[in-house]
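Subject: A structure for you to look at

Hello,

I am passing a structure on to you, and I hope you enjoy looking through it. Please open it first, and then read on.

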Amino acid sequence: MSETPRTAFGDSGRLLSGVALETELRPLIQRTLRKRISWTAGLRRRNALVLRLAERFGLGGAQPGEFAPYRTRVIWPPMLPRDDAQEVQNNLALVAAGLRSHRTAMDDLGTEDPESDLRRVLEDRARLSPPHTQV
C-alpha cells in the first residue's frame, strides 16, 4: 500500500492530464515495472518448457527440435493510455530519416509479427503498383 497513490483508487479529486497522471502514478508504475521483469523471465522459461514438451510428445505434430532455440517474447500492454497518433507520427519521422527500421517501428507500435506484416505490405505494393511498360 505504501507505493500506491490515492489516484490509483480513483480519489484524485481533480482532472489530470496524461503527464500529470503518469507523474502521480509513478510509484505504482515503478512497482509494476519491477514485477514485470521477474514475470517476463518466468513466462519465457515456462514457454520454453511448454515448447520442449510439445516436441517431446509430438503435440500438434511437432518434431524434435522444431521450435528450437525456444525464444519467445512477452508483450506487456501499456499501463497508461497513450497517444497512438503521436507515436505513429514519431515512428514515421524516424523511419523517413533513416534512424529506425520499418520492423522496429512496427514492433514499437505493437505489431505481433513485424516480419510477416512487412512481407504482406511488400506483396500488396507489388500487386497494386502499375505494370511497367517498356518503351
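Below is what was found, beginning with confidence and moving on to a long helix, the salt bridges and the pockets.

**Confidence**

Please keep in mind that this is a predicted model. The mean pLDDT of the chain is 85, and 84% of the residues score at least 70. Which helix has the lowest confidence, and which the highest? Helix H1 (residues 18-24) is lowest with a mean of 77, while H2 is highest at 93. As a general caution, predicted coordinates should not be read in detail where pLDDT is low.

**Helix H2**

Helix H2 covers residues 26-57. With 32 residues at 1.5 Å a residue, H2 should span 46 Å, and the C-alpha atoms at its ends are indeed 46 Å apart, so the two values agree. The buried residues of this helix are Ile29, Arg36, Thr40, Leu43, Asn47, Ala48, Ala54 and Glu55. Just after H2 comes Gly58, which has a positive phi of about 65 degrees.

**Salt bridges**

Side chains of opposite charge can pair when their charged atoms come close. Counting a side-chain nitrogen of Lys or Arg within 4 Å of a carboxyl oxygen of Asp or Glu, the model has five salt bridges. Three of the pairs are described here.

Asp107 pairs with Arg73, and their closest N and O atoms are 2.6 Å apart. Asp107 belongs to helix H4 (residues 102-108), whereas Arg73 sits in the loop between helix H2 and helix H3 (84-96), so this salt bridge ties together parts that are 34 residues apart in sequence. Asp107 is partly exposed, at 34% relative accessibility, and Arg73 is also partly exposed, at 45%.

Next, Arg103 forms a salt bridge with Glu115, at 2.5 Å from N to O. Arg103 is in helix H4 and Glu115 is in helix H5 (residues 114-128), so the pair links parts that are twelve residues apart in sequence. Arg103 has a relative accessible area of 40% and counts as partly exposed; Glu115, at 41%, is partly exposed too.

Asp124 and Arg127 meet in another salt bridge, with an N to O distance of 3.5 Å. Both residues lie in helix H5, three residues apart, which is about one turn of the helix. Are these two side chains buried, partly exposed or exposed? Asp124 is partly exposed at 37%, whereas Arg127 is exposed at 61%.

**Pockets**

The largest pocket holds about 250 Å³ of space. Its lining is made up of Val88, Asn91, Leu92, Val95, His102, Ala105, Met106, Leu109, Leu118, Val121, Leu122 and Arg125. Helices H3, H4 and H5 are the elements that each give two or more residues to this lining. By class, nine of the lining residues are nonpolar, two are polar and one is charged.

The second largest pocket holds about 200 Å³. Around this pocket are Arg73, Ile75, Trp76, Pro77, Pro78, Arg82, Asp107, Asp108, Gly110 and Thr111. That lining has four nonpolar, two polar and four charged residues. Arg73 and Asp107 are in this lining, and they are also salt-bridge partners.

If you would like a place to begin, try finding Asp107 and Arg73 on the model, since they form a salt bridge that ties helix H4 to the loop between H2 and H3.

Best wishes

Conventions
Residues numbered from 1 in each chain as written. Predicted model: local features only at pLDDT ≥ 70, side-chain atom pairs only at ≥ 80, totals over all residues. Heavy atoms only, no water. Helix = DSSP H or I, 4+ residues; strand = E, 2+ residues; numbered from the N terminus. Buried < 20%, exposed > 50% of the residue type's maximum accessible area, 1.4 Å probe, protein only. 1 Å grid on protein atoms, 1.4 Å probe; cavity = no way out; pocket = protein on both sides within 12 Å on 5 of 7 lines; lining within 4 Å. Points joined across faces, edges and corners; volume = space filled by probe spheres on them. Nonpolar A, V, L, I, M, F, W, Y, C, P; charged D, E, K, R; others polar. pLDDT = per-residue confidence, 0-100. Expected span 1.5 Å × (residues − 1).
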